[in-house]
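Please look through the structure shown here, and then follow the explanation below.

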Amino acid sequence: MTSHVKLRKERVGVIDYDTQIKEVRCQLVDQLKVLDVQLEQKSQQLQDLSDYLRRRGEIESEYARSLEKLTERFTSRIKRKDPSSHSVAQVWLALLSQTRQESRDHNALSERCSSFLTQPLTHCLEYTQRLAKKSKDVCNQLQDGLLKVTTELQTAWRTYYQYHSEYLCADGKLKEAEKQEEKQKQSANKKLERLIEKRQGKVKEINLKCSKARNDYLLNLAAANASMNKYYLQDISTLIDCADIGYHLSVGRVMKAYLSGRCQTQQNLSSGLQQLQGTVSGLDQSQDRDLLLQDHYSTFCLPLRFPYQPHDGDQVSEVSAEGEMRCELETRFKQIQTRLKSVSQETEEASKNMLAAQSSLLENIGDDDLEPSSQEGSTENLTVKPSVARRRASMQEMETIYFTRVKEHLTGSSLISKLQAKHDQLKEAVDKAELSSGNQPRPNGKSMRVRRNHSCANLLHNQKLFSGDMMSFIQASGQQIPIVVESCICYINLNGLQHEGIFRVPGSQTEVNNLRDAFERGEDPLAERRYELDSVAGVLKLYFRSLENPLFPIDSTSQLLEHAQIRNEAERAAQLKMVIFSYPERVIVVMRYLFAFLHHVSQYSDENMMQPYNLAVCFGPSLVRGAQDEDVVALQPQINAVVKDIILQHESIFPNQSEVEGPMYEKCMTLELDDCEPIIEEGDVEAEYTHSKDGIECVNVVYCRV
């Protein structure tokens with residue numbers, strides 16, 4: 001099945017991602033063209049075969065002369081095309097060769113060829129075209145998923161380059177300060193010492209961000225290569241098989257029925273019929289598929305693996321689980337492991353369902369309607385089984401079920417390949433971290449660090465946070481991003497981007513109420529202790545749901561819903577951008593921060609099962625509301641579509657910081673040591689040591705589960 005796949009070894013060296021992805025796009029387009037050509041060839045073969053049998057029935061009375069003309073007619077058609085080694089094409093060639101010997105056939109074959117054998121070919125042509133269309137739709141969807149993976153790879157790659165550039169800059173400044181210190185060793189310069197300490201902290205922080213970005217980049221790199229392997233090595237073959245299902249069976253059955261009639265009436269042509277029988281028996285769907293892939297090798301061959309392209313001077317080429325990232329990666333590893341087990345079970349069940357549906361479809365296609373009556377020479381008994389319309393309707397229903405199962409199987413197996421690639425990368429990183437740590441205390445996967453609470457309970461304003469007006473609160477408090485929004489998003493970014501069902505699974509109502517009350521008092525409860533991620537997500541949704549005026553002004557809802565109907569993606573984004581630019585800048589800042597976060601959450605949908613549409617369903621009713629006289633239930637699908645589009649195209653819709661100043665969401669968040677404190681759960685063993693930093697005693701905690 002995979003004999004056609006060979007890596008392109010003639011090209012070596014690092015290839016720019018944009019160029020490589022462009023080549024992949026062209027290759028995907030060529031694949032669809034080849035599949036269309038293949039459909040045309042099959043349709044032409046079926047049509048030719050049907051025409052042949054019909055014409056053969058008409059010229060049976062003329063015998064030798066008419067049959068010779070007939071064979072010449074179809075032989076000339078084949079000569080105009082490239083010769084094919086496919087089994088169906090070989091059957092067709094053998095049929096024409098045998099027909100040249102049928103100069104003395106008799107009239108009983110006329111009725112058989114004119115009606116009995118042509119009807120199944122007509123049916124075969126119909127369902128072959130339907131299956132090819134459905135196969136192409138699934139192929140388009142898989143290609144979209146493949147391009148999405150490559151887009152995510154590019155995004156992660158750019159993020160990693162950005163942070164590594166910042167790290168090199170900060171490291172250069174640190175080295176410059178250290179050189180100044182060496183020059184001034186004789187004179188105590190406390191200001192220079194503080195500058196060095198400050199730059200050391202900056203380098204450490206940016207290095208951590210760079211490591212996180214590199215990890216995401218490497219994981220996306222592994223997922224992209226795994227998706228490419230899965231698509232080119234398995235999915236293409238499966239889709240070709242789906243498009244060809246029943247085609248070879250129908251052609252073979254028609255030809256066998258034809259041979260049966262010929263054997264009954266043409267004993268003198270037994271040698272020619274035996275030759276044709278051999279070619280019919282050689283009908284092989286798998287072989288034809290492999291020949292098709294080999295004939296179009298450049299179109300279907302596996303592209304080059306995406307190479308790892310480190311930024312200037314970066315020597316790290318593996319997922320790193322050192323230091324603070326170890327706990328985070330161990331947690332993510334366990335989540336992926338659980339998710340992988342669940343998806344594997346679902347995909348295994350989907351595979352069984354696909355095979356069962358395929359068996360039912362083949363059984364329906366191969367329904368025994370080509371066997372004539374035992375009374376030789378009686379044309380009255382050569383009739384197709386009754387209820388043809390009912391059988392065709394049943395077949396279409398089976399086709400729909402089968403392709404639904406195929407889609408589930410391919411989607412699930414593609415997800416498994418991506419998760420498995422990330423799982424293997426994380427397992428290797430975690431195992432190396434365990435070996436390198438030796439007997440050192442091991443961080444508990446459920447523990448975490450949180451920020452120290454710098455909030456003040458004595459509010460200097462009387463504006464409500466929940467169930468109030470966001471604009472008034474921002475103006476009164478001076479917070480560009482309301483504390484509940486910033487704190488919840490930061491908490492989820494640090495601890496729960498991969499949490500399965502985030503925002504969909506409800507949290508503890510008691511915890512949600514406690515968090516709400518604490519935020520309302522002006523505190524930041526998430527800086528003090530650990531809470532369930534679902535409860536934190538619930539508070540964030542509750543805040544937007546309870547606002548007196550929704551985040552998207554009600555008077556703009558009709559415009560948003562109208563623009564959501566635009567089919568062109570770029571034009572739709574431009575119109576949505578115009579509407580959002582009409583909002584106050586303070587609202588735009590909050591929107592930009594929130595939707596950048598939601599897009600970031602959706603990038604982990606393989607693990608948290610929260611695709612953009614799922615997030616839109618969770619946030620749509622809270623962010624966009626219709627007028628009081630509008631049917632909210634009827635508008636909800638449109639509202640969800642609007643929110644989904646904004647999540648997907650947030651970079652195109654929202655202004656950058658140079659256009660509208662304000663906080664920007666940061667994907668790789670970290671916590672300063674001075675701004676964080678560890679949360680140790682009961683049962684943890686704690687080991688600590690202290691050191692002095694700027695005259696302040698700092699405590700570093702290492703902890704492990706007993």
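**A walk through the model**

His599 is buried, because its relative accessible area is 16% and the cut-off for a buried residue is under 20%. The model in which this residue is seen is a predicted one. His599 sits in helix α19, which covers residues 585-602. Leaving aside residues up to four places away in sequence, His599 touches Ile647, Leu648 and His650.

His599 also leads to an open space in the model. The second largest pocket holds about 1400 Å³ of space. Its lining is made of 38 residues, and those closest to the centre of the pocket are Thr155, His599, Gln603, His650 and Glu651. His650 therefore appears twice in this account, as a contact of His599 and as one of the residues closest to the centre of the second largest pocket.

Which helices build the wall of this pocket, each with at least two residues? They are α5 (118-183), α6 (190-244), α18 (569-581), α19, α22 (632-648) and α23 (650-653). The most is given by α5, with 11 residues of the lining. Sorted by class, the lining of the second largest pocket has 17 charged, 11 polar and 10 nonpolar residues. The pocket lies between domain 1 (17-269) and domain 3 (470-653), because both domains give residues to its lining.

Closed spaces come next. Rolling a probe the size of a water molecule over the atoms shows where empty space is left. How many cavities of 30 Å³ or more does a search of the whole structure find? The search finds five. The largest cavity has about 200 Å³ of space. It is lined by 15 residues, and Ala156, Asp216, Asn220, Gln603 and Tyr604 lie nearest its centre. The elements that supply two or more residues to this lining are α5 and α6. By class, the lining of the largest cavity has five charged, five polar and five nonpolar residues. Domain 1 (17-269) and domain 3 (470-653) both give residues to the lining of the largest cavity, so this cavity lies between the two domains. Gln603 is named for both spaces: it is among the residues closest to the centre of the second largest pocket, and among those nearest the centre of the largest cavity.

The packed parts of the model can be taken next. In soluble globular proteins, nonpolar side chains tend to be buried together. The largest nonpolar core here has 96 residues, and the members that touch the most other members are Tyr52, Tyr232, Met255, Tyr258 and Tyr402. Helix α5 gives the largest share of this core, 16 residues. Because domain 1 (17-269) and domain 2 (322-366 + 390-434) both give residues to this core, it lies between them. A second core, separate from it, has 73 residues, including Ile580, Ala596, Tyr604 and Leu615. Tyr604 is thus named in the second core and also near the centre of the largest cavity.

Now consider the chain as a whole. The protein chain has 23 helices and four strands. Of its 706 residues, 49% are buried. Among contacts between residues at least 6 apart in sequence, 84% join residues at least 24 apart.

Some residues in loops remain to be placed. Pro303 lies in the loop between α10 (297-300) and α11 (325-365). With 9% relative accessibility, Pro303 counts as buried. From Pro303 to Val24 the C-alpha to C-alpha distance is 7.1 Å, although the two are 279 residues apart in sequence. Asp555, in the loop between α16 (533-546) and α17 (557-563), is exposed, with a relative accessible area of 66%. Asp555 and Arg625 are 70 residues apart in sequence, and their C-alpha atoms are 9.4 Å apart in space.

Two further loop residues have a positive phi without being glycine. One is Ser467, with a phi of about 60°, in the loop between β1 (448-451) and α13 (470-477). Ser467 counts as partly exposed, at 41% relative accessibility. The other is Phe503, whose phi is near 80°. Phe503 is found in the loop between α14 (483-495) and α15 (509-520). Is Phe503 buried or exposed? Phe503 is buried, because its relative accessible area is 0%.

Key. Residues are numbered from 1 along each chain as its sequence is written. Side-chain values use heavy atoms; hydrogens and water are left out. Buried means under 20% relative accessible area, exposed over 50%, partly exposed in between (1.4 Å probe, protein chains only). Contact means heavy atoms within 4.5 Å. On a 1 Å grid over the protein atoms alone, a cavity is a set of points where a 1.4 Å probe fits but cannot get out, and a pocket is an open set with protein on both sides within 12 Å along at least five of seven lines; lining residues have an atom within 4 Å of a point. Grid points are joined across faces, edges and corners, and a volume is the space filled by probe spheres set on the points. Ala, Val, Leu, Ile, Met, Phe, Trp, Tyr, Cys and Pro count as nonpolar, Asp, Glu, Lys and Arg as charged, and the others, Gly among them, as polar. Domain bounds come from an automatic or database domain assignment. A nonpolar core is a set of buried Ala, Val, Leu, Ile, Met, Phe, Trp, Tyr and Cys residues joined through side-chain atoms within 4.5 Å.
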